[in-house]
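Colleague: Hi! Could you walk me through this one? I'm still learning how to look at these.

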Amino acid sequence: MIVDSSVVRFDCISLDNGSTLAPVDVDYQAYGELNARKSNAILVLHAFSGDAHAAGISRETGKPGWWDNMIGPGKGFDTDKYYVICSNVLGGCRGSTGPSSVNSATGCPYAMSFPVITIGDMVRLQKMLLDSLGIERLLAVTGGSMGGMQALEWAVSYPERVVSAIPIATTTRHSAQQIAFNEVGRQAIMADPDWSEGNYYGRKPPARGLAVARMVGHITYMSDDSMREKFGRRLRGKENFGFDFDVDFEVESYLRYRGNEFVNRFDANSYLYITKAMDYFDLANGQVSLAAAFEQAKARFLVISFSSDWLYPSYQSQEIVRALRARNRDVAYVELESNYGHDAFLVDVAEQTDLIRGFLASTSEKAA
Amino acid sequence: MTLPVSLNESGKQKPQPFVREVLGRSDYRIIGEIVEPQTRVLDLGCGDGELLEWLAANKGVDGRGVELSGSKVQRAIARGVSAYQGDIDQGLADYPDRAFDYVILSQTLQETFRPLKVLREMLRVGRRVIVAFPNYGHWRVRLSLLLSGRAPKTELFPHEWYESPNIHFLTVYNFEDLAAVEGLVIERRYFLSGARRVSMLPNLLAEVALYLVSGTDLHA
């Protein structure tokens with residue numbers, strides 16, 4: 001399945017911080033066929049560093065999508081049955097408007113003049129996209145990590161339009177620990193002299209800072225078990241320690257590789273803005289309780305967490321489940337056994353496939 | 001103490017052999033008979049969701065299940081049942097009062113840490129409670145203890161004492177006593193030996209007892 005992105009431009013979007021952004025682009029991909037009743041649309045929401053290329057092989061890069069093992073003919077999100085849409089988030093750097101986009105008023109990239117955006121803003125832009133595609137109701141909204149935050153925001157902000165929500169390995173708000181890791185990433189970027197207060201476009205980007213930020217991120221996505229299994233204390237291409245500060249251990253080599261690779265595909269300012277949006281997210285904000293936040297939600301929920309995920313631990317998913325139960329909402333929940341840590345939602349495909357296939361089938365039956 | 005045995009109950013509704021065939025457990029058949037169509041049902045210890053799937057398909061029931069075992073919850077969700085992984089002993093506290101028409105606890109009351117608390121919570125979140133349990137007063141259990149001098153092992157209680165999931169043993173009399181003390185209204189009672197109804201001496205002859213009960217305030 002060779003896939004292409006499309007871009008839709010809107011005149012403007014109003015943001016949670018009170019400002020507006022004009023114009024605004026959203027980059028998206030779609031797989032499968034929308035049925036005549038438009039009742040089989042599923043919105044997939046990407047995590048922090050993802051993009052609209054969720055499935056198939058990109059015509060542009062030749063690479064598979066970030067959730068290609070879950071989306072496609074006969075897969076968990078079966079494109080023979082469902083019409084699956086994924087868009088790059090507002091603030092991103094993969095086709096949707098973000099800090100690296102050119103501000104039409106100045107003719108220069110926004111850089112740090114880009115407004116601070118929220119998960120709610122991202123979801124509002126997705127809603128505008130769906131309106132433009134003529135899709136009223138979503139059979140499901142789903143995503144892992146930051147994608148799960150957006151799925152929750154959808155269910156609460158646009159309850160009439162969401163039949164079901166599948167938040168995976170996520171939370172309704174970041175803990176101090178999660179904010180702390182994001183802040184380390186941001187500080188690594190801003191401490192890089194090449195960051196230049198964000199004005200590095202057309203010049204040398206803050207590659208070292210961004211790479212370090214990504215290295216920290218990757219540590220939090222794995223588990224102690226999975227790192228021990230994958231790297232142990234194995235040395236990289238040598239029999240003995242080098243007694244210098246070049247790469248000795250496999251794990252160092254892996255982190256450096258991941259960090260450097262990330263620099264080629266991600267914008268440092270997007271890193272700052274998107275992590276800030278995650279840290280600001282609080283589904284219960286302005287409500288007396290999380291349960292009260294779910295008062296309006298009408299969707300059926302499937303909540304999934306992973307046993308070894310210490311970045312988004314199961315207790316955060318269980319809080320979602322408990323709040324939904326307090327409002328007697330239809331919720332299914334399971335903690336899947338996995339060694340892969342937070343990465344599990346991208347890696348542990350077989351078990352998620354069975355769950356999601358059954359959940360979607362019964363949801364479409366109930367909705368029919 | 002004499003027990004009123006509902007003989008007429010069996011003749012009232014045609015048993016649905018299909019339920020028995022599908023579900024294979026005699027208490028499931030009766031639950032299938034009791035539950036009214038288009039109701040809200042919470043199944044505690046729902047296993048892989050067999051009963052709820054059947055109730056949804058055949059009675060249009062809006063069901064939820066609680067199950068401790070993750071792999072069973074996975075199978076339940078995969079078959080379309082809204083099950084969640086959780087502990088019965090703690091799992092009910094979140095629900096608002098009267099959230100369900102029926103709360104079912106099928107053969108797991110004796111496995112809970114605080115059965116009375118569970119029972120009270122079930123009556124808070126459900127208008128009616130269906131509770132089934134293996135009868136520790138069955139003659140085989142009594143005989144096993146009497147003759148062997150060891151913790152009874154029978155078909156119904158097959159475990160060694162150190163492996164048994166059962167931690168609170170009760171008999172038909174025990175449940176009736178508790179219902180009286182708690183002021184529960186017993187709406188129906190069923191006593192089973194295998195797939196057959198037991199019509200006399202239930203505390204001696206019933207392997208499984210099943211009750212449909214409600215709290216007193218329903219009839220106040």
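Modeller: Happy to! Let's begin with a term: a salt bridge is a side-chain nitrogen of Lys or Arg within 4 Å of a carboxyl oxygen of Asp or Glu. Keep in mind that this is a predicted model.

Colleague: Okay, so how many salt bridges are there over all chains?

Modeller: The count comes to 38 salt bridges over all chains.

Colleague: Can you show me one? Which residue does A:Asp25 pair with?

Modeller: A:Asp25 forms a salt bridge with A:Arg9, and their closest N and O atoms are 2.7 Å apart. A:Asp25 sits in strand 5 of chain A and A:Arg9 in strand 2, so the pair ties together parts that are 16 residues apart in sequence.

Colleague: Are those two residues buried or exposed?

Modeller: One of each. A:Asp25 counts as buried because its relative accessibility is 15%, and the cut-off for buried is under 20%. A:Arg9 is exposed, at 58% relative accessible area.

Colleague: What about a salt bridge inside a helix?

Modeller: Try A:Asp121 and A:Arg124, whose side chains meet at 2.7 Å, N to O. Both lie in helix 1 of chain A, 3 residues apart, which is about one turn of the helix. A:Asp121 is buried, with a relative accessible area of 0%, while A:Arg124 is partly exposed at 22%.

Colleague: And where do A:Asp194 and A:Arg208 lie?

Modeller: Their side chains meet in a salt bridge too, at 3.6 Å, N to O. A:Asp194 is in the loop between helix 3 and helix 4 of chain A, and A:Arg208 is in helix 4 itself, so this pair ties together parts that are 14 residues apart in sequence. A:Asp194 counts as buried at 17% relative accessibility, whereas A:Arg208 is exposed at 54%.

Colleague: Which residues do salt bridges with shared partners join into one network?

Modeller: The network takes in A:Arg300, A:Asp330, A:Lys366, B:Arg40, B:Asp62 and B:Arg64. Here is one pair to look for: B:Arg64 forms a salt bridge with A:Asp330, with the closest N and O atoms 3.9 Å apart.

Colleague: That's A to B! How many salt bridges cross that interface?

Modeller: There are 3 salt bridges across the interface of chain B and chain A. You'll also find 11 residue pairs in polar contact there. Helix 5 of chain B gives the largest share of chain B's side of the contact, 5 residues. That side divides into 10 nonpolar, 6 polar and 4 charged residues.

Colleague: How many residues does each chain put into the contact?

Modeller: Chain B gives 20 residues and chain A gives 21. The area buried between them is about 1,700 Å², and carbon and sulfur atoms give 48% of that. B:Gln74, B:Ile77 and B:Asp94 supply 35% of the area that chain B buries against chain A, more than any other three residues.

Colleague: New topic: how is chain A divided into domains?

Modeller: Domain 1 covers 2–175 + 283–367, and domain 2 covers 178–276. Their C-alpha centres lie 26 Å apart. The contact takes 33 residues from domain 1 of chain A and 30 residues from domain 2 of chain A.

Colleague: How much area do the two domains bury between them?

Modeller: About 2,600 Å², with 62% of it on carbon and sulfur atoms. On the domain 1 side, A:Phe48, A:Met112 and A:Trp310 supply 26% of the area buried against domain 2, more than any other three residues. The count of salt bridges between these domains is 0, but there are 15 residue pairs in polar contact across their interface.

Colleague: Last one. What should I look at in the backbone?

Modeller: Some background helps: most residues other than glycine have a negative phi, and most peptide bonds are trans. Now look at the peptide bond from A:Ala22 to A:Pro23, which is cis, with omega near -15°. A:Pro23 is in the loop between strand 4 and strand 5 of chain A.

Colleague: And where is A:Glu197?

Modeller: A:Glu197 lies in the loop between helix 3 and helix 4 of chain A. It has a positive phi of about 55° although it is not a glycine, and A:Glu197 is exposed, at 57% relative accessible area. In chain B, B:Leu201 has a positive phi of about 45°, and B:Leu201 is found in the loop between strand 7 and helix 10.

Terms used:
Residues are numbered from 1 along each chain as its sequence is written. Chains are lettered from A and ligands numbered from 1 in the order in which they are written. This is a predicted model: local features need pLDDT of at least 70, side-chain atom pairs count only at pLDDT 80 or more; totals for chains, interfaces and linings use all residues. Side-chain values use heavy atoms; hydrogens and water are left out. Domain bounds come from an automatic or database domain assignment. Contact means heavy atoms within 4.5 Å. Buried area is the accessible area (1.4 Å probe) that two parts lose on being put together, summed over both. A polar contact is a pair of N or O atoms within 3.5 Å; within protein, one must be able to donate a hydrogen and the other to accept it, and residues adjacent in sequence count only if both atoms are side-chain atoms. Helices (H or I, at least four residues) and strands (E, at least two) are DSSP runs, numbered from the N terminus. Ala, Val, Leu, Ile, Met, Phe, Trp, Tyr, Cys and Pro count as nonpolar, Asp, Glu, Lys and Arg as charged, and the others, Gly among them, as polar. Buried means under 20% relative accessible area, exposed over 50%, partly exposed in between (1.4 Å probe, protein chains only).
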